[in-house]
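Let's work through some exercises together, one small step at a time. Keep the structure open beside you and try each task before reading its solution.

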Number of protein chains: 2
Amino acid sequence: MNELTVELGERSYPILIGPGLLGQQGLLAPYVKGGRALVVSNEVVAPLHLEKLEQSLSGIDFDVLVLPDGEQTKNLDTLNQVFDRLLRDRHERSTTLIALGGGVTGDLTGFAAACYQRGVNFIQVPTTLLAQVDSSVGGKTGVNHPLGKNMIGAFYQPQVVLADIDVLHTLPPRELQAGLAEVIKYGLLGNFAFFEWLEQHIDELLKLDGKLLSEAVRICCEEKARIVAEDEREGGKRALLNLGHTFGHAIEAAMGYGVWLHGEAVATGMVMAADLSWRLGWITQEDAQRTRRLIERAGLPAVPPSEISAGRFVELMSVDKKVQSGKIRFILLRNLGEAVVDGDVPAELLQQTLAAGDALCRS
Amino acid sequence: MNELTVELGERSYPILIGPGLLGQQGLLAPYVKGGRALVVSNEVVAPLHLEKLEQSLSGIDFDVLVLPDGEQTKNLDTLNQVFDRLLRDRHERSTTLIALGGGVTGDLTGFAAACYQRGVNFIQVPTTLLAQVDSSVGGKTGVNHPLGKNMIGAFYQPQVVLADIDVLHTLPPRELQAGLAEVIKYGLLGNFAFFEWLEQHIDELLKLDGKLLSEAVRICCEEKARIVAEDEREGGKRALLNLGHTFGHAIEAAMGYGVWLHGEAVATGMVMAADLSWRLGWITQEDAQRTRRLIERAGLPAVPPSEISAGRFVELMSVDKKVQSGKIRFILLRNLGEAVVDGDVPAELLQQTLAAGDALCRS
């Protein structure tokens with residue numbers, strides 16, 4: 001088992017990474033300070049992993065709430081269902097919420113923990129690759145609003161994150177690929193050596209090589225923990241983690257949340273960011289194509305849906321949280337392995353990227 | 001103008017107290033960092049005070065959202081209306097929410113500020129005595145749930161609190177009296193000299209003597225700022241501010257939120273706490289009666305509604321946030337001017353207090 005620490009002073013917490021962690025008798029019990037917990041999961045994940053989670057919670061008095069699966073459950077109504085359950089079962093301020101599931105479950109449950117009685121303890125047990133490498137680490141929690149993704153939420157840190165690599169074997173291939181989009185993101189935004197490692201090992205990762213997956217999750221969590229420790233509330237460097245997300249969120253919103261997986265939208269968003277970086281003269285066309293190639297090799301979409309016009313893209317990106325003083329801020333590539341924030345992209349270059357379609361990074 | 005500071009390190013903020021503050025040209029503008037704001041008010045307060053607030057915001061681009069009046073608007077649905085408005089008007093992460101109103105408006109708007117895009121700036125302009133001396137100071141924000149009051153919320157500090165004493169002249173007498181309940185609370189829980197000052201001046205305060213009201217608001221804010229600075233997240237001493245609230249919340253919940261004003265319920269709750277403290281042998285019967293007398297002189301109810309049985313009281317108090325390990329924790333009086341937390345009240349004494357009715361503090 002690997003143990004990393006997210007260094008945030010009195011809010012520091014460990015990330016436990018490795019195979020077979022969920023079944024370990026009592027592993028999570030010491031983190032449930034008040035002796036009582038509510039496990040929040042969904043109807044796909046609970047049948048697969050709840051029984052093992054119970055072993056790691058031996059000695060704890062816990063309730064279970066199983067929600068529907070999917071991004072469309074990440075809203076204020078479902079949040080209220082969590083509060084209903086907590087209140088009906090008389091959970092006190094000393095209770096612990098445990099998220100067993102992917103990013104949706106983690107974001108929703110974390111936000112519920114942030115708000116219930118103005119804040120209770122929280123544990124993340126991410127069961128998708130995307131959640132293990134990204135959403136479960138760093139304390140971003142929240143729900144969507146019909147007018148924008150993740151518009152309502154809180155920065156709220158868990159007591160511990162438990163990433164059991166074995167759970168990835170139960171992931172549908174499409175979910176695994178979506179997770180690899182965020183893995184590739186860490187290479188692109190700040191670790192060129194890792195980008196090259198991924199070019200070398202992408203096929204084995206797709207075949208669920210446990211050792212390589214553990215290694216990839218560890219590196220991503222280290223990268224993220226480092227960035228979050230420097231900038232917990234996204235005042236500066238943390239914005240780089242949004243590489244591909246400005247375009248990606250627009251794709252998700254235009255298609256309806258959940259139609260494209262978050263990782264798929266981010267993958268295409270990263271190709272668009274690479275394309276725009278190339279048009280700005282920051283990276284070579286070869287580097288842009290290299291980005292697109294790795295994303296395509298991971299089985300991910302590299303081209304946005306043709307039904308989203310350039311105008312609609314701009315409209316949707318204008319309500320993104322990254323907008324400042326009316327300017328859309330893009331995370332772009334100064335080099336492969338080096339992302340930067342830019343709020344001054346010439347409109348005509350942006351238009352070219354938005355209109356490129358299958359020609360992204362190519363002509 | 002009096003200026004106090006709530007000392008919370010990097011989250012410290014000033015409280016401005018005095019007459020005629022709202023009309024002062026540009027007084028609030030320097031606190032609206034991003035140059036844009038949404039003022040949230042209600043249909044009773046806005047016609048009275050919005051025009052003056054506009055003067056203190058000169059130079060700022062702001063929108064206004066006017067909500068219905070009353071405790072029943074303090075829920076997740078209304079919260080979502082604030083988010084709808086913010087998103088439709090494209091308010092960015094740099095925006096400021098300004099609460100112009102009483103405790104309901106302040107709690108709701110503050111919670112919206114805590115959650116919108118994971119946290120935007122926030123300014124409190126309390127327009128009731130209760131909000132000026134209590135709810136606007138200290139960073140407690142939130143909404144009610146059908147199963148419990150203030151069950152969903154956040155600790156979230158404002159940039160500034162502006163308490164204009166002149167607005168109290170527009171308060172209905174019942175609201176003024178409800179505010180005096182919290183004023184009396186500060187005397188009872190930690191400042192006996194202030195309790196005696198109130199015994200001396202209660203009649204003039206009811207007649208809206210501006211100088212004495214300013215003095216009372218200043219002392220209460222000082223008391224609260226001191227306690228909050230010691231214990232921002234209610235781990236210890238801050239719980240004393242809940243004197244009268246365990247009983248009071250049960251009354252509010254049993255009668256339906258808004259039927260009894262919060263201050264009225266707290267007033268009766270303080271009489272019940274005094275009664276129980278006397279039954280425990282902690283204060284004399286004369287001190288208990290002295291408490292009841294001051295509350296009655298302030299025009300406040302000293303007896304709970306007869307329709308709430310002792311059993312119903314216990315049931316409602318068991319879901320209170322102050323419950324720990326299944327035990328109801330009461331804030332009781334060790335002396336007049338000295339409150340303490342107690343989780344070990346003998347059931348038979350509690351029953352006597354709950355069943356006393358008009359005999360509270362008397363026999």
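**Exercise 1. Two helices side by side**

How are H5(A) and H6(A) oriented relative to each other, roughly parallel or roughly antiparallel?

*Solution.* A word of care before we start: this is a predicted model.

Step 1. Find the two helices: H5 of chain A covers residues 173-190, and H6 of chain A covers residues 192-206.

Step 2. Look at how they pack. Their axes are 9 Å apart, and the angle is about 160 degrees.

Step 3. Compare this with the cut-off: angles over 145 degrees count as roughly antiparallel. H5(A) and H6(A) are therefore roughly antiparallel to each other.

Step 4. Add the handedness: H5(A) and H6(A) make a right-handed crossing.

Step 5. See who touches whom. H5(A) contributes A:Leu180, A:Val183, A:Ile184, A:Tyr186, A:Gly187 and A:Leu188, while H6(A) contributes A:Phe194, A:Phe195, A:Leu198 and A:Leu205. Sorted by class, this contact has nine nonpolar residues, one polar residue and no charged ones.

**Exercise 2. Another helix pair**

Work out which angle word fits H2(A) and H3(A), and name the residues that meet.

*Solution.* Step 1. Locate H2 at residues 76-88 and H3 at residues 103-115 of chain A.

Step 2. The axes of H2(A) and H3(A) come within 10 Å and cross at roughly 55 degrees. That crossing makes H2(A) oblique to H3(A).

Step 3. The handedness of this crossing of H2(A) and H3(A) is right-handed.

Step 4. On the H2(A) side you will find A:Thr78, A:Leu79, A:Val82 and A:Phe83; they meet A:Leu108, A:Thr109, A:Phe111 and A:Ala112 of H3(A). Six residues of this contact are nonpolar, two are polar and none is charged.

**Exercise 3. Reading a sheet**

In the seven-stranded sheet of chain A, which strands stand at the edges?

*Solution.* Step 1. Write down the strand order of this open sheet in chain A: E1-E2-E9-E6-E5-E3-E4, with mixed pairing.

Step 2. Check the ends. E1 and E4 (61-67) of chain A each have a single partner strand, so one side of each is left without a neighbour in the sheet.

Step 3. Note the twist, which averages 15 degrees from one strand to the next.

Step 4. Zoom in on one pair: E5 (residues 96-101) and E6 (residues 121-126) of chain A run parallel and are joined by six bridges. Here A:Ile98 has A:Ile123 of E6(A) as its bridge partner.

Step 5. Place a helix on the sheet. H3(A) lies across E3 (36-42), E5 and E6 of chain A, at about 170 degrees to E5(A).

**Exercise 4. Strands of chain B**

Describe a parallel pair and a hairpin in chain B.

*Solution.* Step 1. Start with the parallel pair: E6 (residues 121-126) and E9 (residues 160-164) of chain B are linked by two bridges. Opposite B:Ile123 you will see B:Val160 in E9(B).

Step 2. Move to E10 (residues 330-335) and E11 (residues 338-342) of chain B, which run antiparallel with five bridges between them. B:Ile331 faces B:Val341 in E11(B) as its opposite residue.

Step 3. Look at the turn. E10(B) and E11(B) form a hairpin with two residues between them, and B:Gly337 in the turn has a positive phi of about 90 degrees.

**Exercise 5. Domains and chains**

How many residues does each domain of chain A give to the contact between them?

*Solution.* Step 1. The domain assignment of chain A gives domain 1 as 2-170 and domain 2 as 173-359. Their centres, taken over C-alpha atoms, are separated by 26 Å.

Step 2. Domain 1 of chain A gives 31 residues to the contact, and domain 2 of chain A gives 30.

Step 3. On the domain 1 side, E1 (2-6), E2 (13-18), H4 (129-135) and E8 of chain A each supply at least two residues. H4(A) gives the most to that side, with five residues.

Step 4. Now turn to the contact between the chains, which takes 29 residues from chain A and 30 residues from chain B. On the chain A side, E8(A) gives the most, with six residues. By class, that side of chain A has 13 nonpolar, nine polar and seven charged residues.

Key. Residues are numbered from 1 along each chain as its sequence is written. Chains are lettered from A and ligands numbered from 1 in the order in which they are written. This is a predicted model: local features need pLDDT of at least 70, side-chain atom pairs count only at pLDDT 80 or more; totals for chains, interfaces and linings use all residues. Two residues are in contact if their C-beta atoms, placed from the backbone, lie within 7 Å. Helices (H or I, at least four residues) and strands (E, at least two) are DSSP runs, numbered from the N terminus. Ala, Val, Leu, Ile, Met, Phe, Trp, Tyr, Cys and Pro count as nonpolar, Asp, Glu, Lys and Arg as charged, and the others, Gly among them, as polar. Two strands pair if DSSP finds at least two bridges between them. Axes are lines fitted to C-alpha atoms, for helices over the stretch in contact, and angles run from 0 to 180 degrees between N-to-C directions. Angles under 35 degrees count as roughly parallel, over 145 as roughly antiparallel, 65 to 115 as roughly perpendicular and the rest as oblique. A crossing is left-handed if the near helix is turned anticlockwise from the far one by less than a right angle, and right-handed if clockwise. Domain bounds come from an automatic or database domain assignment.
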